[in-house]
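Student: I have a new structure open and no idea where to start. Can we go through it together?
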Amino acid sequence: MRDGAIRAIRERRAGYSLAEGVLALREAIAAKLRRDNGIEADPETGIVVTAGTTGAFAAVLTALLEPGDGVLMTEPYYGYHRNTAVVAGMTPQLLPIDAPRFELREDALRRSVTDATRLLVLCTPANPYGRMLRRDEIEAVARVARERDLLVVSDEIYEYFTYDGREHLSPASVADLRERTVTIMGLSKTFHITGWRVGYLVPPPEMAKPLTIVNDLLYVCAPTPLQHGVAAGFEALPEKAAALRREFQAKRDRLCEALDEAGLPPIVPEGSYYVLADVSQRGYPDARSAAMDVLERGGVASVPGSAFYDGDRGEGLLRFSFGVEDDILDEACGRIRKLPR
Ligand code: PLP
């Protein structure tokens, strides 16, 4: 991918691309969607390359919703989902799901939809808690979304970070969700290129046009030479995906073991590369103090659980990331084990 991007820069393929992205990349994405996600999309008209998954989410809100619309998401949430909705003038609506299983229940989902709700945000595997949606949960989403005529956005940036033999399931491949779901994905995590800013969205076909126009208006296109580079990387994806599962499962296990030994019980994730650890027994007044203490006395950075909740339900949690190189992870695990009790 690096070579492909460098070649594109050397060959001066540096102008704006079409707003929907470089065609060779969209063709590679369409083949991958069919193979890995069970989603059929027309590379010419049904895929939009965006400035990361973040850009895809912003485009969905801006193109398909009106200010004041309700954007429903489970809590704990990924902060960008909540805060991007606020910036776009929408109202975040929260459906609390409970640790440690974080299951999505149909009755609770149905109750949390109001007349203002227009969009339901899914995230699987989830940041910050690492759960992967099961088929029965997605089928429940399909029923409620149909009843209440909701749009669904499904953030699947961690689709290749899945453990213990679990298979990622794309909501748009389940029941009739394809017709109301915009799937948003990206390369940032899979290829460790978070700064390249290349992602994509796969909407119901009739929504592609407004999304393309808004993508154009927001930032014209994703970086063109990097789109060319990324296109080459799709060939390596099956091999890369298998390596990621192996390597990151081992990283997950190492970090969870260290947290357990240090008396910070982890909620072992099914996917993604984050672990929530329970620090509630340690006597900290809140999650921020816990994170600062682990940083100052242990030299390990974490995110306070309060960053993922509106209320105080995250105050006993810290989120650790194992999306780092092995030597850094080993050092961090050693420091976590030595944390004073
Ligand atoms: N979605 C989720 C759930 C994430 O956790 C992140 C990054 O942490 C992103 C999207 C950002 O993705 P991108 O780099 O493709 O914008």
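Student: What share of the contacts in the chain with a separation of 6 or more comes from residues 24 or more positions apart?
Tutor: Such residues account for 73% of those contacts. Keep in mind that this is a predicted model.

Student: OK. How many helices and strands does the chain have?
Tutor: There are eleven helices and eleven strands.

Student: And what are the spans of the C-alpha trace along its principal axes?
Tutor: About 60 × 50 × 35 Å. The radius of gyration is 20 Å, and a compact globule of 341 residues would have a value near 20 Å, so the chain agrees with that expectation.

Student: How much of the chain is buried?
Tutor: Buried residues are 56% of the 341. The area that the chain exposes is about 15000 Å², and carbon and sulfur atoms supply 50% of that.

Student: What about charges, how many positive and negative side chains are there?
Tutor: The chain has 42 positive side chains and 50 negative ones. The centres of the two sets lie 2 Å apart.

Student: Let's switch to sheets. What is the strand order in the open sheet of four strands?
Tutor: The order is β8-β9-β11-β10, and the pairing is antiparallel. The edge strands are β8, residues 266-267, and β10, since each is listed as pairing on one side only.

Student: Which residues make up β11, and is that strand mostly covered or mostly open?
Tutor: β11 covers residues 317-321 and is mostly covered, with four of its five residues buried.

Student: How many bridges does β11 form with β9?
Tutor: Five, in the antiparallel sense, with β9 running over residues 274-278. One place to look is Tyr274, which stands opposite Ser321 in β11.

Student: And how many with β10?
Tutor: Two bridges, again antiparallel; β10 is residues 303-304. Val303 has Arg319 of β11 as its bridge partner, and Pro304 stands opposite Leu318.

Student: New topic: helix α4. Which of its residues are buried?
Tutor: α4 spans residues 79-87, and Gly79, His81, Thr84 and Ala85 are buried there.

Student: What do those buried residues pack against?
Tutor: They pack against helix α3 (52-64) and three strands, β2 (70-75), β4 (117-123) and β5 (151-155). After α4 comes Gly89, with a positive phi near 90°.

Student: You mentioned β2. Which residues does Thr74 touch, leaving out those up to four places away in sequence?
Tutor: Thr74, which is found in β2, touches Leu95, Ile97, Leu104 and Tyr129. Its relative accessible area is 16%, and the cut-off for buried is under 20%, so Thr74 counts as buried.

Student: Is Ala142 buried or exposed?
Tutor: Ala142 is buried, with a relative accessible area of 0%. You will find Ala142 in helix α6, residues 135-147.

Student: Which residues does Ala142 touch, with the same neighbours left out?
Tutor: Ala142 touches Ala175, Asp176 and Leu177. As for Val152, its C-alpha is 9.2 Å from that of Ala142, and the two are ten residues apart in sequence.

Student: Anything odd in the backbone? Which residues does a cis peptide bond join, with omega about 0°?
Tutor: Ala99 and Pro100. Pro100 sits in the loop between β3 (91-96) and α5 (106-112). A cis peptide bond also joins Asn127 and Pro128, where omega is about 15°. Pro128 is in the loop between β4 and α6.

Student: What is the phi of Arg12?
Tutor: Arg12 has a positive phi of about 60° although it is not a glycine. Arg12 lies in the loop between α1 (2-10) and α2 (23-37).

Student: Is Arg12 buried or exposed, and why?
Tutor: Arg12 has 74% relative accessibility, so it counts as exposed. The cut-off for exposed is over 50%.

Student: And what about the phi of Asp149?
Tutor: Asp149 is not a glycine either, and has a positive phi of about 50°. The loop between α6 and β5 is where Asp149 sits.

Terms used:
Residues are numbered from 1 along each chain as its sequence is written. This is a predicted model: local features need pLDDT of at least 70, side-chain atom pairs count only at pLDDT 80 or more; totals for chains, interfaces and linings use all residues. Side-chain values use heavy atoms; hydrogens and water are left out. The radius of gyration is taken over C-alpha atoms; the globule rule is 2.2 Å times the number of residues to the power 0.38. Buried means under 20% relative accessible area, exposed over 50%, partly exposed in between (1.4 Å probe, protein chains only). Contact means heavy atoms within 4.5 Å. Accessible areas come from the Shrake-Rupley method with a 1.4 Å probe; for residues, only the protein chains shown count as cover. Lys and Arg count as positive and Asp and Glu as negative; His and the chain ends are not counted. The place of a charge is taken as NZ of Lys, CZ of Arg, CG of Asp or CD of Glu. Two strands pair if DSSP finds at least two bridges between them.
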